[in-house]
Amino acid sequence: MNTITTVWVGIPFFLGFMVFLVPQLNRHLAFLGTLASAVYGIELLIKQPQIQLNLLNSFGVTLLADQLSGYFILTNAVVTIAVVLYCWKSDKNAFFYAQVLLVHGSLNAAFICADFISLYVALEVSGIAAFLLIAYSRSDRSTWVGLRYLFVSNISMLFYLIGAVLIYEKSLSFSFSGLKNAPPEAIALIFLGLLVKAGVFVSGLWLPLTHAESETPVSAVLSGIVVKASVLPLLRCAGVSENIDDIVVIFGVATALMGVSYAVLEKDTKRMLAFHTISQLGFILAAPEVGGFYALTHGMVKSCLFLITGSLPTRNFKELQSKPINTAIWIPLVIASLSISGFPLLAGFSAKVLTLKNITSWQFIAMNVAAVGTAISFAKFIFLPHIWRDKQEIVPAVKPGFWVAVIVLITGLLIANIAYLGAYNAENVIKAIVTIAVGWLAYHLILQKLAPKLVRYLPHTLEKFEHLVGVMSLTLIFLFGMALS
């Protein structure tokens, strides 16, 4: 199995190189690379092995493939497969597919890293490849958004690298276990880097602009899988000690509430989804022991929603409410929205039940408020007006690979739903339906009237480029205080 793991890690990079040698097979090679990851991820989930590869024993540089890795690897595979199918008949060239494979491979590597230095390398490679995808269209706007992403990513990784050096200085190892006896400043620096890269809490306010302004398939990749490269290490770090776990959980709850607060009042479809990505990352971190399954369901739902919103006639909710969309597009939009809201028969229901069953008492109110906020946010999609149109009218608005990609993702949501059948009892089903009903009532009776007045009170200033480093500094001070205490 160790040999298989070694070969599997290298497959996307090899195929990415082959794309340039045989550009006419770019789509096929990208699909083949992601399919290999899907097979490997499923094998990890079924067999639940503990595969450990020691790269540098004396430095604690190791790779670990287990069930938790399997959830994230499978997420990476399904989302990337959907994006490749979505772009299959587009004019995307070999460079695009090579970067998709590079992002895919570096994320796979990040998902099995069990030390800070190999994780640093994997995150840096994925960051550079993600930048090239963001700037792929070469427009002034995309280039600026990509450079902004690269700047934030590199600054956060600089903090992270300093923290890794401090941990090695203390324990003579780069292993995650070194956090247990690490000095407070090392913990603060490591966590700052991972929180910023993942888009968690206030330090993640760089994320909405980046995800909203990227091309539709790139937004699906960024929100569905790229942000999770730094979430998995946080879940592993939470298992090092109870104190580290407390820090992760506190940030998870705060992130869930902050993200949903912005999402509820957002008027732009892609920005709403981006803010909700922040909120859903909070759900993953709020219950670290079951975060893998939630990451899988969120990745499929969010990438599906980004692909669907890219096919809507406008990004403005107000305009969408005055001009009916096609029912054929509205149906998958509703299915995905119901899943992320926690409706039974879809994977989002099982994931939410599992998460809420594994939170502590002090988290209960906050996480249920966040769940209601999720239902409110996606009521804006569910209650959009819609009508059936002739086939000729919808063809120009939908990419040729749209339906194949959406069907793959929705099928994934239906299949993943059977992973936790224990969620299906009367209490859980009734609670889920009541939560969604409360959210829909709040949307109709309160939000539609108060949203124009409340939106002005949300602090969007922190999203501006010139404030991002300042936000990092304040977060670092806050983290240092938590680690010191």
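Here are some exercises with worked solutions on the predicted model shown above.

**Exercise 1. Helix α7**

Work out how the reach of helix α7 fits its number of residues, and how much of α7 is buried.

*Solution.*
- Step 1: Find the helix. α7 covers residues 184–198, which gives 15 residues.
- Step 2: Check its reach. From first C-alpha to last, α7 spans 21 Å, close to the 21 Å expected at 1.5 Å a residue.
- Step 3: Look at the surroundings. Since 13 of the 15 residues of α7 are buried, the helix is largely enclosed by the rest of the structure.
- Step 4: Step off the end. Gly199, just after α7, takes a positive phi of about 80°.

**Exercise 2. Thr309 and Phe381**

Decide whether Thr309 is buried or exposed, then find what it touches away from its own stretch of chain.

*Solution.*
- Step 1: Place the residue. Thr309 belongs to helix α13, which runs over residues 291–309.
- Step 2: Use the cut-off. Buried means under 20% relative accessible area. Thr309 has 3%, so it's buried.
- Step 3: List the partners. With neighbours within four places in sequence set aside, Thr309 is in contact with Thr269, Lys270, Leu273 and Phe381.
- Step 4: Turn to Phe381. With the same kind of neighbours left out, Phe381 is in contact with Thr269, Met272, Leu273, Thr309, Leu312, Phe317, Trp330, Leu333 and Ser337.
- Step 5: Compare the two lists. Thr269 and Leu273 turn up among the contacts of Thr309 and among those of Phe381.

**Exercise 3. The nonpolar cores**

Find which residues touch the most other members of the largest nonpolar core, and which helix gives the most to this core.

*Solution.*
- Step 1: Start with the core's membership. The largest nonpolar core has 167 residues, and Phe72, Phe116, Phe191 and Phe381 touch the most other members.
- Step 2: Look for the top contributor. That's helix α3 (residues 67–86), with 14 residues.
- Step 3: Don't stop at one core. A second, separate core has eight residues, including Leu265, Ala379, Ala442 and Leu447.

**Exercise 4. The largest pocket**

Describe the largest pocket: how much space lies in it, and what lines it?

*Solution.*
- Step 1: Take the volume. About 500 Å³ of space lies in the largest pocket.
- Step 2: Go to the lining. There are 20 lining residues, and the closest to the pocket's centre are Ile42, Leu74, Val78, Leu296 and Ile415.
- Step 3: Assign the lining to elements. α2 (26–47), α3, α13 and α19 (402–416) are the elements giving two or more residues. α2 gives the most, with seven.
- Step 4: Sort by class. The lining divides into 19 nonpolar residues, one polar and no charged.

**Exercise 5. Two cavities**

Now do the same for the largest cavity and the second largest cavity.

*Solution.*
- Step 1: Get the overall count. The structure holds four cavities of 30 Å³ or more.
- Step 2: Take the largest cavity, with about 60 Å³ of space. Its lining is made of Gln280, Tyr294, Thr297, His298, Val301, Ser339, Ile340, Gly348, Ala351 and Lys352.
- Step 3: Ask where these come from. α13, α15 (327–341) and α16 each supply at least two, and α13 has the largest share, four residues.
- Step 4: Sort by class. The lining of the largest cavity has four nonpolar, five polar and one charged residues.
- Step 5: Look harder at α16. This helix (residues 347–357) is mostly covered, with ten of its eleven residues buried. Gly348, Ala351 and Lys352 are among the buried ones.
- Step 6: Move to the second largest cavity, with about 50 Å³ of space. Leu123, Ser126, Tyr149, Lys197, Trp206, Val226, Ala229 and Ser230 line it. By class, they're five nonpolar, two polar and one charged.

**Exercise 6. Two residues of α6**

Say how Leu150 and Ile155 are placed, and how far each lies from a partner distant in sequence.

*Solution.*
- Step 1: Place Leu150. It sits in helix α6 (residues 140–171).
- Step 2: Judge its exposure. Leu150 has a relative accessible area of 18%, so it counts as buried.
- Step 3: Check its contacts. Beyond four places in sequence, Leu150 is in contact with Gly127, Ile128 and Phe131.
- Step 4: Take its distance. Leu150 and Ala375 are 225 residues apart along the chain, with 33 Å between their C-alpha atoms.
- Step 5: Turn to Ile155, which is also in helix α6. Its relative accessible area is 24%, so it's partly exposed.
- Step 6: Take the distance again. Ile155 and Val469 are 314 residues apart in sequence, but 8.1 Å apart from C-alpha to C-alpha.

Note on methods:
Residues are numbered from 1 along each chain as its sequence is written. This is a predicted model: local features need pLDDT of at least 70, side-chain atom pairs count only at pLDDT 80 or more; totals for chains, interfaces and linings use all residues. Side-chain values use heavy atoms; hydrogens and water are left out. The expected span of a helix is 1.5 Å times one less than its number of residues. Buried means under 20% relative accessible area, exposed over 50%, partly exposed in between (1.4 Å probe, protein chains only). Contact means heavy atoms within 4.5 Å. A nonpolar core is a set of buried Ala, Val, Leu, Ile, Met, Phe, Trp, Tyr and Cys residues joined through side-chain atoms within 4.5 Å. On a 1 Å grid over the protein atoms alone, a cavity is a set of points where a 1.4 Å probe fits but cannot get out, and a pocket is an open set with protein on both sides within 12 Å along at least five of seven lines; lining residues have an atom within 4 Å of a point. Grid points are joined across faces, edges and corners, and a volume is the space filled by probe spheres set on the points. Ala, Val, Leu, Ile, Met, Phe, Trp, Tyr, Cys and Pro count as nonpolar, Asp, Glu, Lys and Arg as charged, and the others, Gly among them, as polar.
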